Structure formats: structure tokens, C-alpha cells
Amino acid sequence: MIGMIGYAVRNPLHGAAGLLELLAGTDLDQDQERMVRQALASLGDLGSTVDQLLDLARVEAGQLELRLVDSSMLDLVDYVVERTGGMARPGVEVAAVCPPYVPAVNADSYRIAQVLDILVNNATEAAIEGSVQVRLELTDPESTSPQDNLIGLRFSVVDTGPGLPLEEV
């Protein structure tokens, strides 16, 4: 059922994106080009939201499958910072704070990036000025054992935004 819903929603999104890309290849003035780029970006955001909702439905149905691959968490954090940093307000810096070396781990980097994206986007929307930091740290470097495939990592997103009142948390 979830797959059918995904197809039913994604198919028109891909159709609209294809038509906009065809339109972008025509003779447009600057304002029209800007509007087409914004429409494509909005469709991309909508597609991401649909994917997140479908993932939530899979989690609730016990059908979410993780895709574990050897991944660099340093590269993942840099990717999230690069992608989300461009959407921050002027005066808000998005930065990575990581140790110089973290061994590659077997993880679902797509899902980790998805969670970090949500947290960083929320932080950049709330921060009027200052910074948003995506932090990666080894939780217990002494107990990290790459030979045994054991490593403890902690991701956190820290911002200078106003925060939420306690009753809204």
C-alpha cells in the first residue's frame, strides 16, 4: 500500500519537474528563469517531504528497511552543512564541528542525513543571527575498536536561536 501511495504522489511530481526542466531550456527572461528555478527547488522540497512522510508510514507499519553501507560520517556532516547552509538567513553561519579523524562506519547514511537535515533546517529557521553547528563526536574514543566494528558516535545540532518554551517541548 505504501509503495502505491509513493508512486501515486511521486509520478505527478516527476512529471511537473520534467515539464519545468523543458521550460527552463526555452528562451526565458531573467525573472522567468528565477521562477522556474524556484519552482524546481520547491518540487524538490515537496518530494523530500513526501519521502519523509512515506518513511514515517513505513516505520509505523514496521516496514522500514535500513540500507547499511560503509560510510564516512565526516563526509556526511560536511554534505549536510553544505546543503543546508545555503538556505540559512544572512547572518546565520552553519558549520561542522568534528574531530580530525572518525573511522568509516557501517550505517544508513541516507537516514542519518535525513534526520540531521530536519534538525539543521529547524535550527536555521529559528536562528535570526549567530550560528548553527552540526557536531560529531566520538562518545568514548578509548573504547572505540575498529577491529571489532564498534564505535560510539554522537551527532548534535546546536544553535543560537531563541529555543522553544518548555511547555512546547
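Aspartate 117 counts as buried in this predicted model, because its relative accessibility of 13% falls under the 20% cut-off. Its partner in a salt bridge is arginine 83, and the closest N and O atoms of the two are 1.9 Å apart. Arginine 83, by contrast with the buried aspartate 117, is partly exposed, with a relative accessible area of 33%. Since aspartate 117 belongs to helix H4 (residues 109-126) and arginine 83 to helix H3 (residues 73-85), the pair ties together parts that are 34 residues apart in sequence.

**The two helices around this pair**

The axes of H3 and H4 come within 10 Å and cross at roughly 40°, which makes H3 oblique to H4. In terms of handedness, the crossing in which H3 passes H4 is right-handed. On the side of H3, the contact is made by Met73, Leu76, Val80, Arg83 and Thr84, while H4 contributes Ser109, Ile112, Ala113, Leu116, Asp117, Val120 and Asn121. Both partners of the salt bridge described above, Arg83 and Asp117, therefore appear among the residues of this contact. Sorted by character, the residues that H3 and H4 bring to the contact divide into 7 nonpolar, 3 polar and 2 charged.

**Other salt bridges**

A search of the whole structure finds 4 salt bridges, and three of them, including the pair already discussed, are set out here with the distance between their N and O atoms.

| Acidic residue | Basic residue | N to O distance |
|---|---|---|
| Aspartate 31 | Arginine 34 | 3.8 Å |
| Aspartate 117 | Arginine 83 | 1.9 Å |
| Glutamate 137 | Arginine 154 | 3.8 Å |

Glutamate 137 and arginine 154 meet through their side chains in a salt bridge, and this pair links distant parts of the chain, with glutamate 137 in strand S4 (residues 130-138) and arginine 154 in strand S5 (residues 153-159), 17 residues apart. Glutamate 137 counts as partly exposed at 32% relative accessibility, and arginine 154 is likewise partly exposed, with a relative accessible area of 42%.

Aspartate 31 and arginine 34, which also form a salt bridge, both lie within helix H2 (residues 30-60), where they are 3 residues apart, or about one turn of the helix. Aspartate 31 is partly exposed, with a relative accessible area of 46%, and arginine 34 is partly exposed too, its relative accessible area being 35%.

Notes
Residues are numbered from 1 along each chain as its sequence is written. This is a predicted model: local features need pLDDT of at least 70, side-chain atom pairs count only at pLDDT 80 or more; totals for chains, interfaces and linings use all residues. Side-chain values use heavy atoms; hydrogens and water are left out. Helices (H or I, at least four residues) and strands (E, at least two) are DSSP runs, numbered from the N terminus. Buried means under 20% relative accessible area, exposed over 50%, partly exposed in between (1.4 Å probe, protein chains only). Axes are lines fitted to C-alpha atoms, for helices over the stretch in contact, and angles run from 0 to 180 degrees between N-to-C directions. Angles under 35 degrees count as roughly parallel, over 145 as roughly antiparallel, 65 to 115 as roughly perpendicular and the rest as oblique. A crossing is left-handed if the near helix is turned anticlockwise from the far one by less than a right angle, and right-handed if clockwise. Contact means heavy atoms within 4.5 Å. Ala, Val, Leu, Ile, Met, Phe, Trp, Tyr, Cys and Pro count as nonpolar, Asp, Glu, Lys and Arg as charged, and the others, Gly among them, as polar.
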